[in-house]
Amino acid sequence: MENVLSYMTFVPLAGMLAVMVMPRDKHEVIRWTALAFTLVPLLLGIWLYGDFDGSITGMQYVERHTWIETYNIQYIMGIDGLSVTMVLLTALLCPICILASWNIEKGVKGYFMLFLLLETGMMGVFCALDFFLFYIFWEVMLLPMYFLIGIWGGPRREYAAIKFFLYTLVGSVLMLIAMLALYFHGEPRTFDMLVLMERAPTYARSFQAWAWLALFVGFAIKIPAFPFHTWLPDAHVEAPTAISVILAGVLLKMGTYGILRICYPIFPVATQQFAFWCLAVLGTWNIVYGALCAMAQQDMKKLVAYSSISHMGYVMLGMATLTSQGINGAVLQMFNHGTVTAMLFLIVGVVYDRAHHRDINGFGGLASVMPVYTGLMTVAFFAALGLPGLSAFISEVLVLLGAWQYNQALTIVAASAVVLTAGYMLWMLQRVWLGPVNEKYANMPDLSARELVTLLPLAVIVLVLGIHPHAVLDLIDPTLLALNRTVADAVVVSAQLLH
Amino acid sequence: MLETAATHEAAAGVSYALRWIVALPLAGAAINLIAGKRLQDAAGRTAVAVLGSAMSIASFVCVVAAFLRLRSLPVDERLLLDTVSSWIHIGDLDVSIALAFDPLSAVMCLIITGIGSLIHIYSYGYMDEDPANWRFFGMLNLFLFCMLTLILGDNMLVMFVGWEGVGLCSWGLIGFWHSDHTNTAAANKAFLVNRIGDFAFLCGMFLLFWSLADSGKATLVFRELAHAVPALEGMTLWGMGVATLVTLLLFVGATGKSAQIPLYVWLPDAMAGPTPVSALIHAATMVTAGVYMIVRLNFLFSMAPFTMQVITAVGAATAFFAATIGLSQHDIKKVLAYSTVSQLGYMFMAVGVGAYAAGIFHLLTHAFFKACLFLGAGSVIHALHHEQDMRRMGGLRSYMPVTFGTFLISALAIAGVPGFAGFFSKDEILWRAFLANPVIWAVGLAAAGMTAFYMFRAVFLTFAGECRVEGHAREHLHESSWTMTLPLVVLAAGAAGAGYLGVPAALGGANHFEQWLAPVVELEHAALSHAAGGHDTTLEYVLMALSVATAGLGILLAYLIYIRKSLSAATFAAIGGGVPYRLSFNKYFVDEFYYGFFLNGVLSLSRALAWIDLHVVDGIVNGAARVVRISSDFGGAIDHYVVDGLVNGTATVVDRCGAAARKLQTGGINAYLYVLVLAVILVLFSRAW
């Protein structure tokens with residue numbers, strides 16, 4: 001399985017080509033084909049989970065080929081403890097999203113083609129170790145996302161899609177500039193991230209600073225960090241359920257992943273310089289601001305979108321601390337948020353499919369009508385509010401524990417969100433699921449088998465990771481400790497000394 | 001390395017399979033919550049009730065076995081341990097899923113599973129008309145699991161799992177009848193107020209952990225903490241001793257869970273839940289978790305005299321303040337709820353003055369008599385078809401003799417009548433409070449007098465006099481079924497007799513209870529034996545006589561008002577122009593203040609921020625797009641394609657209801673944009689190369 005990463009990345013692309021040649025009215029065939037081509041990466045992912053050696057800090061499953069020789073651009077794929085979790089998360093969520101897209105009736109062929117292309121882009125971003133390749137995948141991911149929101153979205157889909165697109169494009173441009181600067185900065189010129197990491201000590205302080213900030217803004221848009229976050233609620237509200245799941249479950253993580261993958265090891269001195277204000281303070285602000293905004297929302301999806309902003313703040317705060325608890329908590333939180341928020345969006349999708357609206361005050365008493373659905377909802381909601389024993393608690397408590405050692409005042413502000421989070425989650429739960437049954441929805445059918453299949457595996461993961469978090473922590477801990485050390489020990493070695 | 005050193009210092013402990021104590025209720029919960037509905041549909045509600053009760057009783061049997069094993073060990077080796085698995089091991093943080101059973105946990109587990117089992121049996125009778133028995137018994141079992149985890153947890157993080165887990169169960173059971181918004185609002189209130197406490201608890205735990213890490217002994221295991229905390233001596237943070245700060249934060253956590261000032265407000269509302277829940281969770285077990293936590297960490301709290309003073313003051317104030325509210329309530333469950341808040345105040349008073357064993361002793365006796373009182377009230381409420389207003393009860397003595405008898409015994413116990421359980425435990429606390437500070441004692445004594453009054457007011461209004469029950473319920477007045485009366489009788493026996501476990505030396509007893517807990521509260525024990533020389537039994541007798549007299553006075557007053565009617569309640573209500581009465585009846589308007597000030601404050605802030613987010617933050621984004629569009633009118637030569645994209649973007653913003661939007665939504669835009677996007681990327685790349 002030398003090329004497992006390439007398989008995981010390009011099998012969905014093959015799936016897209018397969019769907020492309022199918023007649024456009026064979027909906028069933030197209031759906032099943034798409035499912036099959038997303039199940040392959042999942043199966044490979046399961047194998048990868050067993051085979052991956054978490055005790056190694058370096059890259060594994062590395063593939064290296066010359067691609068565009070003139071510019072020394074290479075095709076380098078490889079994963080370490082940081083990226084393996086994201087690869088697994090992507091492989092897990094994609095088939096679930098295909099199932100959640102089963103009742104898409106408009107432009108079925110186009111939808112599934114774009115979705116499969118999207119998976120290729122996402123996988124590629126997490127596997128690419130050549131900056132140029134990374135950038136290409138980053139852009140590949142952007143396009144299908146734009147169309148999936150812009151064509152299959154809600155009433156304001158055009159606005160939301162263009163907003164998403166322009167915002168991300170701004171980030172891409174900044175990333176492109178930083179990437180080119182890096183490329184031209186050393187000899188021989190290369191986009192190879194591993195080489196760039198080795199050159200880190202030679203980058204002058206000022207160069208590190210502006211390149212770091214350029215990349216940071218690009219990634220912060222993706223996270224999304226305040227004040228670059230306003231595209232997210234709009235995109236979520238308009239996107240179809242499955243796309244919201246991917247957006248919150250995988251795409252947001254690309255922001256924090258990018259910071260850890262590129263900013264941290266390549267610009268460690270700048271990381272030390274900016275971590276406090278750009279990551280810790282902003283992250284804490286994200287946590288509290290997102291939670292407070294979530295509380296005021298009337299649309300279920302908007303509420304969950306703001307809760308994502310809040311929960312991603314933990315990732316930023318955790319990584320800023322450069323403590324082993326903080327950074328492990330941050331990456332674990334990336335994974336846990338991926339599963340929990342995927343559940344939340346799927347749950348919203350279930351009622352939206354039935355009632356065709358998402359007004360929190362427009363339901364009531366669903367618990368009496370849909371018991372199975374309510375049971376799974378309870379798991380997801382309490383995981384989201386960080387109930388101990390469920391997955392998100394572990395990552396949040398690790399982040400906060402690490403943060404306490406880093407800065408107590410920020411930690412207290414961040415930890416106060418446990419009250420706010422419980423507030424908005426339980427308030428929504430009460431208004432939608434409890435209370436007298438709304439006669440309009442007294443006959444809503446409980447979960448279908450297909451919906452159950454999308455939610456149940458995630459619920460199991462949420463439960464298991466609460467009791468056995470080392471199922472993920474064992475993969476990431478050594479890599480992240482090494483990354484911590486890289487940043488903590490970094491100093492700029494002057495160029496003269498090197499020669 | 002340092003951690004291993006700490007482990008060696010800690011007591012070795014005997015390996016014992018404690019996991020069954022928690023696993024059985026968990027299994028019951030899992031089965032009932034996942035498959036219970038089908039089970040109930042197929043085999044009737046008896047099946048789910050029997051399953052739930054059987055798991056609880058089996059857990060009780062396991063606890064008894066562990067207790068016997070523990071007792072067979074030499075006094076200073078009484079510790080059973082069960083490490084189930086590792087849990088989180090990152091850097092200095094190394095916590096396992098591990099359970100520990102020592103004399104303190106033994107007492108707590110016996111109360112929880114013993115009274116818990118009785119309440120399971122009782123619930124079979126009480127919930128006879130409810131279609132969701134499976135959910136009720138499932139949640140009850142889940143509660144047992146969480147509560148036992150809280151008690152047995154070998155480290156603070158496992159304890160915290162139980163700590164918040166009981167909050168979840170409490171939420172689910174307060175709002176059990178969830179089609180009524182009053183109930184679910186009460187459930188949410190309970191969870192949120194508790195979360196405020198949990199937030200402080202978390203911060204306290206972090207501070208403790210990192211302070212110990214600075215001294216090289218990072219641990220959260222209770223046994224190791226006992227040896228590690230002396231290192232906190234002399235450490236300061238924000239101008240305060242670290243030990244003081246940690247204990248204050250943990251105490252805030254305790255005020256949430258154990259309903260003390262200022263976080264007590266959720267408990268009276270929690271009475272919205274079914275009465276067996278009030279008895280088990282909101283009287284006998286969960287609400288005592290704060291007291292338990294402090295006693296568990298007594299070595300830490302003893303290092304912080306300031307915190308101890310705060311605890312004493314808060315406990316005494318709560319005991320008094322809640323008792324004054326209890327005087328005027330009409331709802332029988334509300335009376336009992338404020339009584340619980342008040343009695344918990346006594347327990348905090350006890351631990352505050354360092355009388356840890358006395359605090360736990362009162363926790364034990366209170367568990368019996370308060371559970372019995374709640375179940376008795378439940379028996380009445382059940383018979384009256386969910387009537388809870390005492391003004392519409394009366395004369396039930398002849399219809400419900402068992403309920404009346406057991407309720408009376410428990411009322412005598414809580415009032416502190418000599419011979420009954422509450423007498424021994426309350427007097428122990430008052431005595432120790434007097435030694436620490438006579439003012440605290442006086443406050444406690446006054447609260448005791450009020451307790452006697454409001455309890456007998458409840459007894460007389462409910463069971464004596466003429467029957468004020470009306471209509472349909474009157475015709476069907478009857479004693480409850482045996483599944484309900486049997487637990488009442490057992491609990492009443494405890495309310496009458498449990499006090500004899502801890503008869504003080506002054507009354508010729510050996511105080512077995514204190515002896516049993518001695519290994520857990522070594523410090524207190526040592527201090528006591530040290531002071532034993534100058535023990536003044538005369539003073540103790542005088543104080544005892546005073547408290548008995550006060551209780552008698554309270555009962556007499558209730559008798560004169562509600563039986564003899566030689567005094568009128570209205571006269572008392574009119575004192576001071578009726579202001580004190582109205583304050584008491586309206587619970588001092590604390591809820592109104594919290595709602596108006598804190599809840600509305602947060603909600604207004606959240607609405608304001610959401611508005612700012614939509615109109616200012618996002619407004620800047622849209623405004624920026626507009627600026628780009630305008631500048632493009634002047635020349636637009638920078639990058640034709642990017643700007644064009646922005647123009648289109650702005651068009652949808654500005655004119656999304658207009659003709660432009662309609663044109664954009666025709667679908668042709670997609671093909672156009674596809675080309676556009678590709679072009680943008682091509683341009684970007686052509687420049688890159």
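User: Before we get to the hairpin in chain A, what makes two strands a pair here?
Analyst: Two strands pair if DSSP finds at least two bridges between them, where strands (E, at least two residues) and helices (H or I, at least four) are DSSP runs numbered from the N terminus. This is a predicted model, in which local features need pLDDT of at least 70, side-chain atom pairs count only at pLDDT 80 or more, and totals for chains, interfaces and linings use all residues. Residues are numbered from 1 along each chain as its sequence is written, while chains are lettered from A and ligands numbered from 1 in the order in which they are written.

User: OK, how many bridges join strand 1 of chain A to strand 2 of chain A?
Analyst: Strand 1 (residues 60–68) and strand 2 of chain A run antiparallel and are joined by six bridges, with A:Ile68 standing opposite A:Ile73 in strand 2. Four residues lie between the strands of this hairpin, and A:Asn72 takes a positive phi near 55°.

User: And why is strand 2 of chain A largely enclosed?
Analyst: Five of the seven residues of strand 2 (residues 73–79) of chain A are buried, so the rest of the structure largely encloses this strand. Buried means that 20 or more other C-beta atoms, placed from the backbone, lie within 10 Å of the residue's own.

User: Switching topic, how many residues of chain B are in contact with chain A?
Analyst: On chain B there are 52, in contact with 57 residues of chain A, contact meaning C-beta atoms, placed from the backbone, within 7 Å.

User: Which helix of chain B gives the most to that side?
Analyst: Helix 7 of chain B does, with 14 residues.

Methods:
Contact = placed C-beta atoms within 7 Å. Buried ≥ 20, exposed ≤ 12 C-beta atoms within 10 Å, placed from the backbone.
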